[in-house]
Amino acid sequence: MTNDERWAVAAGRAGAFNAKGAPLDVRRIRADFPILAQSVNGKRVVFLDSAASSQKPIQVLQAMDEVYRCAYANVHRGVYAFSEAATARYDEARAKVARFIGAPSAEQIVFTRNATEALNLLAYSYGRHFLRPGDEILITELEHHANFVPWQVLAQERGLTLKFIPITPEGQLDLQRLDERLTPRTKLVSFAHVSNVLGTITDPRPIIQRAHAIGAKVIVDGSQSAPHMPVNVGAMDCDFLVFSGHKMLGPTGIGVLYGKRELLEAMPPFLTGGDMISAVGFDGPRWNEVPLKFEAGTPAFVEAIGLGAAVDYLDALGMEAVRAHEREITAYALERISEVPGAKIVGPTDPEIRGGVVTFTLDRVHPHDLASLLDRDGVAIRAGHHCAQPLHIRLGLSATARASFYVYNELHEVDALIEAIYKAKAALKR
Ligand SMILES: Cc1ncc(COP(=O)(O)O)c(C=O)c1O
């Protein structure tokens, strides 16, 4: 078999097993995730922390392994076979990501390290170049720190005003308050498509339309949506979309910034150095075209190729089917957790407007104690503020417990979670 044939097998394997529109065959999916066959504390692992980072299928591991074994050399530099092969696969990964989110062209996909870096790129490049003292940035009370701190820092540094869309008692964005928050001074609006704590799915279109009507640009943080549901930047008409590869079956160290072409072209570079210039003389540099203008230095191209394989995998499953699977498991988890005496769901209880994240508190049990006790039963959940401290302040909570689901989770894992919660309660005499 040639290297290219091996590559095609590694990249295309997932396409073999899911007819479009069919429910996920979770048994078969699980067979692609070697880590899920492991035991933890003598128990079969029940991994319920994919909102933090997902596990990786063998197709992704093989795609990266294949590059290192068969086609590894620095991209964009060599005129020899390995470099040309690696560059072609890197470009192909960019095109796959563009197709995955409905971007008009691959040049509108900038690879970053993660969503956090993509948001910082926007704050540095767009924010520092286009915003003036007195301008306003509108975010929401439910943002992850990645979509909070860069704007706080920028506002302090540049004399901007940071405003917030409040949340309702049910944990949705209070869009009745949107028009009073949007003013002629609002230049940028940035919000999470899906909250990593409340799970709330926000319809981005009304916010984007109303922001555009007053001339503001809009960033959508797709970190918790792009991995879990169909996301189409054309339909949304957002100006920018960011997300991380590691939450969508891809490797760490690779993230995505999508932007409208004219905006990316007008923005100055973020980092400078090799690859992002078209020429450098003693009198100064000339910038490369987008997206390379924003990709200084040797990029994480093997990770990008891994992300391309993850996109192939998700495409083969079908994002509608991914969402339907998570809706079902979330509905079941919401029902089962709310039956536990002392448990309180945080965020919407309607699975139609909730992504695959179920956050809760348990009366007189600290979430960290709960998570540690659950680990004894091989059940991995998250405890803490989930990098959303302002939201927890707003909710009057210091910490919460969070179970999150993905394509490889089965309904009986929710039963295992519930059983482990009862055991933890008994151990703590609650
Ligand atoms: C909504 C949201 N935004 C941004 C991020 C930041 O992602 P990363 O740490 O991969 O940059 C996360 C991570 O949990 C998130 O959930």
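These legends describe close-up views of a predicted model.

**View 1. The residues around the ligand.** Twelve positions need labels here. Asn114, Ala115 and Thr116 border the ligand, as do His144 and Ala146. Asn196, Asp221, Ser223 and Gln224 also belong to the surround. Ser244, His246 and Lys247 complete the list. By class, this shell holds eight polar residues, two nonpolar residues and two charged residues.

**View 2. Polar contacts of the ligand.** Asp221 places a side-chain N or O atom 2.5 Å from a nitrogen atom of the ligand. Ser223 also faces a ligand nitrogen, with a polar side-chain atom at 3.3 Å. His144 pairs with an oxygen atom of the ligand instead; its polar side-chain atom lies 3.3 Å away. On its own, the ligand has 400 Å² of accessible area, and the protein covers 89% of that.

**View 3. Ser125 in helix α5.** Helix α5 spans residues 115-130 and includes Ser125. Ser125 has a relative accessible area of 1%. That value is under 20%, so Ser125 counts as buried. Leaving aside residues up to four places away in sequence, Ser125 touches Met267, Pro268 and Pro269. Phe294 is another of its contacts.

**View 4. Two domains and their contacts.** The domain assignment gives domain 1 as residues 81-315. Domain 2 covers 319-427. Their centres, taken over C-alpha atoms, are 28 Å apart. Contacts between the two involve 27 residues of domain 1 and 30 residues of domain 2.

**View 5. A cis peptide bond at Pro291.** The bond between Val290 and Pro291 is cis, with omega of about 5°. Pro291 sits in the loop that runs from β12 (284-287) to α11 (301-317).

**View 6. Asn41, a non-glycine residue with positive phi.** Phi of Asn41 is about 50°. The residue is in the loop between β1 (39-40) and β2 (43-44). Is Asn41 buried or partly exposed? Its relative accessible area is 49%, so Asn41 is partly exposed; the class of exposed residues starts over 50%.

**View 7. Leu249, a non-glycine residue with positive phi.** Phi of Leu249 is about 80°. The loop between β9 (240-244) and β10 (255-259) contains Leu249. Leu249 has a relative accessible area of 0%, and therefore falls in the buried class, under 20%.

Technical notes. Residues numbered from 1 in each chain as written. Predicted model: local features only at pLDDT ≥ 70, side-chain atom pairs only at ≥ 80, totals over all residues. Heavy atoms only, no water. Near = heavy atom within 4 Å. Polar contact = N/O pair within 3.5 Å; in protein donor to acceptor, adjacent residues only side chain to side chain. Areas by Shrake-Rupley, 256 points an atom, 1.4 Å probe, with all protein chains shown as cover. Nonpolar A, V, L, I, M, F, W, Y, C, P; charged D, E, K, R; others polar. Helix = DSSP H or I, 4+ residues; strand = E, 2+ residues; numbered from the N terminus. Buried < 20%, exposed > 50% of the residue type's maximum accessible area, 1.4 Å probe, protein only. Contact = heavy atoms within 4.5 Å. Domains from an automatic or database assignment.
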